[in-house]
Amino acid sequence: MKYIELVEFLDLMKKNKYNNNSSVANILKTWQNRFPNSIDPVDIWNDVVTNRGNFPVAVSTLKNIYKDKSISKSLDGSLWSQFIEAYCSINNRKSLCEPKKEKLNIVLQSWKQLDEQKEKIVAISDGKMNKNEIISELLVNGYLPWNIPSFSEFPQVLIESLLNALRFGSKDALLLFPRLLQVIENHHSCLSLFRNKTSEMPCWLFIGWIDQMLALLDKPEAKAVHAVIKNIVSSYPDAIIYSFHLSCSSYNFTGSQESEVNKCFVEKIKQMLKKHTVISEFVSALEHLSAPQIIFKDYVSEIEGLIGSNASSEKIRQCFTKMCENLFFETDDYTNRSVPIGPVQKKFSQEYQPKVLDLCRKDGSKLLEKSGIRTVLEGLRNLVDQARKIMKKFLL
């Protein structure tokens with residue numbers, strides 16, 4: 001029984017379970033059930049009380065094992081590493097209870113054991129320049145801790161550790177958060193872990209990286225940040241609304257099942273942000289600060305690029321529709337809009353709306369026809385040049 005309880009005690013110390021009240025209570029309850037009977041001899045009671053109450057017993061036993069060369073030779077690399085770790089761990093904890101003069105000696109004893117491990121590692125790694133080869137060899141021979149994660153587990157360990165550090169206020173972890181977004185982008189198996197960990201954390205921790213999270217919303221890994229973004233929209237809409245409006249224009253949903261889920265999520269966020277009319281109007285007003293002829297030129301260039309890359313008809317039509325919505329307005333809209341149309345936008349709309357719609361048709365269908373597309377694009381380029389000259393005179 002003495003050796004069984006020694007093993008249980010070493011396991012408790014080695015795995016740092018002594019900080020866990022439930023672990024300590026469990027082992028004490030187990031030992032209580034093993035108390036000798038009242039009719040047992042005094043020497044049995046003495047062994048039990050001495051073994052359980054004398055901490056140096058554990059260190060003494062480990063020392064005896066270390067000194068016994070027959071035992072140390074019989075242990076393979078893995079068991080010997082476990083023994084050294086247990087010996088050094090208990091030695092270091094013992095130093096906490098000793099006077100200052102004794103602490104150094106105890107720690108130095110631990111270092112002596114680790115130096116021997118170091119010599120073995122150097123011998124194994126001799127002639128190997130690649131660190132992956134060295135680590136693989138050490139794992140095979142058992143000279144690294146037995147609970148070290150495999151290489152395939154590193155992304156999950158990184159995510160869990162970094163988010164834990166962020167949760168407890170680490171500034172370094174906060175700066176490294178965008179790296180986690182790269183990890184989940186390359187390792188989709190970590191998506192659920194990332195989502196579960198971030199759901200337990202206050203969303204304000206991630207406000208500084210809103211732009212990086214919004215950039216994922218049209219990608220397969222977007223579901224990892226859905227909950228965080230939704231919580232930010234609910235709690236801190238002012239922090240995300242402007243970036244969200246800017247990001248929406250660049251989303252490219254492919255039509256796959258995952259893409260449709262992401263598209264629905266983006267639409268849901270739009271509806272949530274529509275409640276904040278003052279901010280939405282402010283964003284719309286900012287868009288009117290750009291000269292309409294420059295916006296027109298950018299849209300024409302985008303349409304040309306889509307046609308040149310054989311983009312789908314839906315994408316070309318969407319781009320044309322968006323251009324008309326942002327540049328051309330009906331007469332009734334001039335004063336009825338929440339953000340009034342200025343004289344420059346009004347002049348451009350009156351001058352170029354009929355010309356563009358005559359060239360491309362109201363639904364932009366001329367841009368989808370293979371025959372005559374060069375003529376249509378040339379006509380749009382001519383309108384861009386005209387608009388630049390005419391609007392310049394108007395502004396003067």
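This tour goes through a predicted model one selection at a time.

**The whole chain**

Start with the chain in cartoon view. Its secondary structure comes to 21 helices and 0 strands. Of the 396 residues, 34% count as buried. Now consider contacts between residues at least 6 apart in sequence: 64% of them join residues at least 24 apart.

**Stop 1: alanine 173**

Select alanine 173, which lies in helix α10, residues 171-186. Is alanine 173 buried or exposed? Its relative accessibility is 2%, so alanine 173 counts as buried. Show the residues that alanine 173 touches, leaving out those up to four places away in sequence: they are Leu162, Ala165 and Leu166. Alanine 173 and leucine 162 are 11 residues apart in sequence, and their C-alpha atoms are 5.7 Å apart in space.

**Stop 2: the loop between α12 and α13**

Next, select leucine 217, in the loop between α12 and α13. Leucine 217 counts as buried because its relative accessibility is 0%. What surrounds leucine 217, apart from its neighbours within four places in sequence? Its contacts are Ala222, Val225, His226, Ile229, Phe244, Tyr251, Phe253, Asn262, Phe265 and Val266. For a distance to check in the viewer, take valine 261: 44 residues separate it from leucine 217 in sequence, and 9.9 Å separates their C-alpha atoms in space.

Move to aspartate 218, found in the loop between α12 (210-214) and α13 (226-235). Aspartate 218 has a relative accessible area of 18%, and since buried means under 20%, aspartate 218 is buried. Setting aside residues up to four places away in sequence, aspartate 218 touches Ser250, Tyr251, Asn252, Phe253 and Asn262. Zoom in on asparagine 252: its backbone nitrogen lies 3.1 Å from a polar atom of the aspartate 218 side chain.

**Stop 3: helix α13**

Select α13 and colour its buried residues, which are His226, Val228, Ile229, Ile232 and Val233. An α-helix has 3.6 residues a turn, so residues three or four places apart point the same way. What covers the buried residues of α13? The cover includes α11 (191-199), α12, α14 (237-248) and α15 (257-274). His226 and Ile229 also appear among the contacts of leucine 217.

**Stop 4: the largest pocket**

Turn on a surface and look for the largest pocket, which holds about 2,000 Å³ of space. To find its middle, select Cys248, Ser249, Lys270, Lys322 and Asn326, the residues nearest its centre among the 49 that line it. The elements giving two or more residues to this lining are α14, α15, α16 (277-287), α17 and α18 (313-327). Which element gives the largest share of the lining? That is α18, with 9 residues. By class, the lining residues divide into 18 nonpolar, 17 polar and 14 charged.

**Stop 5: cysteine 319**

Stay with helix α18 and select cysteine 319, which is placed there. Cysteine 319 is buried, with a relative accessible area of 6%. Beyond residues up to four places away in sequence, cysteine 319 touches Tyr299, Glu302, Ile303 and Leu306. Cysteine 319 and isoleucine 303 are 16 residues apart in sequence, with 6.8 Å between their C-alpha atoms.

**Stop 6: helices α17 and α20**

Two packed helices are described by the angle between their axes and the distance between the axes. Select α17 (residues 292-308) and α20 (residues 343-360) together: their axes come within 10 Å and cross at roughly 35°. Which residues meet here? Pro292, Gln293 and Phe296 in α17 meet Val344, Gln345, Phe348 and Val356 in α20. The contact has 5 nonpolar, 2 polar and no charged residues.

**Stop 7: two positive phi angles**

Most residues other than glycine have a negative phi, and most peptide bonds are trans. The last two selections have a positive phi.

Asparagine 310 sits in the loop between α17 and α18. Its phi is near 55°. Asparagine 310 is exposed, with a relative accessible area of 63%.

Arginine 361 is in the loop between α20 and α21 (373-395). Phi of arginine 361 is near 75°. With a relative accessible area of 37%, arginine 361 is partly exposed.

Terms used
Residues are numbered from 1 along each chain as its sequence is written. This is a predicted model: local features need pLDDT of at least 70, side-chain atom pairs count only at pLDDT 80 or more; totals for chains, interfaces and linings use all residues. Side-chain values use heavy atoms; hydrogens and water are left out. Axes are lines fitted to C-alpha atoms, for helices over the stretch in contact, and angles run from 0 to 180 degrees between N-to-C directions. Helices (H or I, at least four residues) and strands (E, at least two) are DSSP runs, numbered from the N terminus. Contact means heavy atoms within 4.5 Å. Ala, Val, Leu, Ile, Met, Phe, Trp, Tyr, Cys and Pro count as nonpolar, Asp, Glu, Lys and Arg as charged, and the others, Gly among them, as polar. Buried means under 20% relative accessible area, exposed over 50%, partly exposed in between (1.4 Å probe, protein chains only). A polar contact is a pair of N or O atoms within 3.5 Å; within protein, one must be able to donate a hydrogen and the other to accept it, and residues adjacent in sequence count only if both atoms are side-chain atoms. On a 1 Å grid over the protein atoms alone, a cavity is a set of points where a 1.4 Å probe fits but cannot get out, and a pocket is an open set with protein on both sides within 12 Å along at least five of seven lines; lining residues have an atom within 4 Å of a point. Grid points are joined across faces, edges and corners, and a volume is the space filled by probe spheres set on the points.
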